[in-house]
Amino acid sequence: MVLVIYIAAGVEGVAYGGKCSVDGDCAEANNVCKTNCTCSPTSFKTDGTNKCAKKIALAETCTASPAGQCAATNAECHATHSKCECTSSYFANKNGACASKVALDATCFATETTTDQCSVDDTECRNDGTGSKCLCKTSHYKDGTGCVIRIVPGATCAANQCITHASCNTTSKCQCKAGYTATPTIKPTMCSGVMKVTTLSHMLAVPIFLSVMFLLR
């Protein structure tokens, strides 16, 4: 009797694009087996080669092509900066991911250090007494779905549109509140506080009082 022993020969050293059975068949770095050896989910195929490179983290240098080289979801290689950045509707959070930007008046993340988490221009994440929200900057007021720069003294206004220390008067003009003066005099842009000066009688009263106290010792 002749004993015939068959030894199964495994597929080894398969190049990118070659037929495979398991990941271990693929010889190239960052390859996995999907019937054929191809780039892993954490890598991308470089232009003009059959090589797979590791995907690039946010803020790291990238190239104009190919697409899909940035590691974070909703990120792409910025055409001018040549770095992986979140697309316009997202911001880079502290965890290195792209999170959806927050709408005006919606709850924001006070623990985030980035200044671009709010989706509307001229807004900021701050506490309004009920929690952290994307609100118009203090230099702006809410107008529908946007933020508009506050109105200066003497300009036509509506309620809550005037600059700090000013209010909209009965003639619909921004007017500085009591104790504040519109400055500069020509084309004012702010309301400045007036420093109260102690009257002469009060100024003289202090040394007289101290003298009397000294004599009574």
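1. Salt bridges. The model is predicted. A search of the whole structure turns up 4 salt bridges. Three of them are described in the points below, each with its partners and its N to O distance. Side chains of opposite charge can pair when their charged atoms come close.

2. E28 and K51. These two side chains form a salt bridge, with N to O at 3.1 Å. The pair connects distant parts of the chain, 23 residues apart. E28 sits in the segment before β1 (31–34). K51 sits in the loop between β3 (43–45) and β4 (52–54). Are the partners buried or exposed? E28 has a relative accessible area of 26%, so it counts as partly exposed. K51 is also partly exposed, at 47%.

3. D105 and K142. Here the salt bridge has an N to O distance of 2.4 Å. Again distant parts of the chain are linked, with the two positions 37 residues apart in numbering. D105 belongs to the loop between β8 (98–100) and β9 (123–127). K142 belongs to strand β11, residues 140–143. D105 is partly exposed, because its relative accessibility of 35% falls between the 20% and 50% limits. K142 is partly exposed as well, with a relative accessible area of 46%.

4. D128 and K133. Their side chains meet in a salt bridge at 3.5 Å, N to O. This value lies within the 4 Å cut-off, so the pair counts. D128 is partly exposed at 37% relative accessibility. K133 has 23% and is partly exposed too. The limit for buried is under 20%, so K133 does not count as buried.

5. The β1–β2 hairpin. How do β1 and β2 run relative to each other, parallel or antiparallel? They run antiparallel, joined by 4 bridges. Strand β2 covers residues 36–39. One of the bridge pairs can be named: V32 is partnered by T38 in β2. The two strands form a hairpin with 1 residue between them. T35 is in that turn. In a regular strand the side chains alternate between the two faces of the sheet.

6. Positive phi away from glycine. T35 is not a glycine, yet its phi is positive, about 70°. T35 lies in the loop between β1 and β2. N74 is another non-glycine residue with a positive phi of about 70°. N74 is placed in the loop between β4 and β5. Its relative accessible area is 32%, which means N74 is partly exposed.

7. Cis peptide bonds. Which residues does the cis bond with omega of about 5° join? That bond joins S65 and P66. P66 is in the loop between β4 and β5 (75–77). A cis bond also leads from T183 to P184, with omega near -10°. P184 is in the loop between β15 (180–183) and β16 (190–193).

8. A158 and C168. A158 is located in the loop between β12 (146–149) and β13 (166–168). How far is the C-alpha atom of A158 from that of C168? The separation is 6.1 Å, and the two residues are 10 apart along the chain. A158 has 34% relative accessibility and so counts as partly exposed.

Definitions and conventions. Residues numbered from 1 in each chain as written. Predicted model: local features only at pLDDT ≥ 70, side-chain atom pairs only at ≥ 80, totals over all residues. Heavy atoms only, no water. Buried < 20%, exposed > 50% of the residue type's maximum accessible area, 1.4 Å probe, protein only. Pairing = 2+ DSSP bridges.
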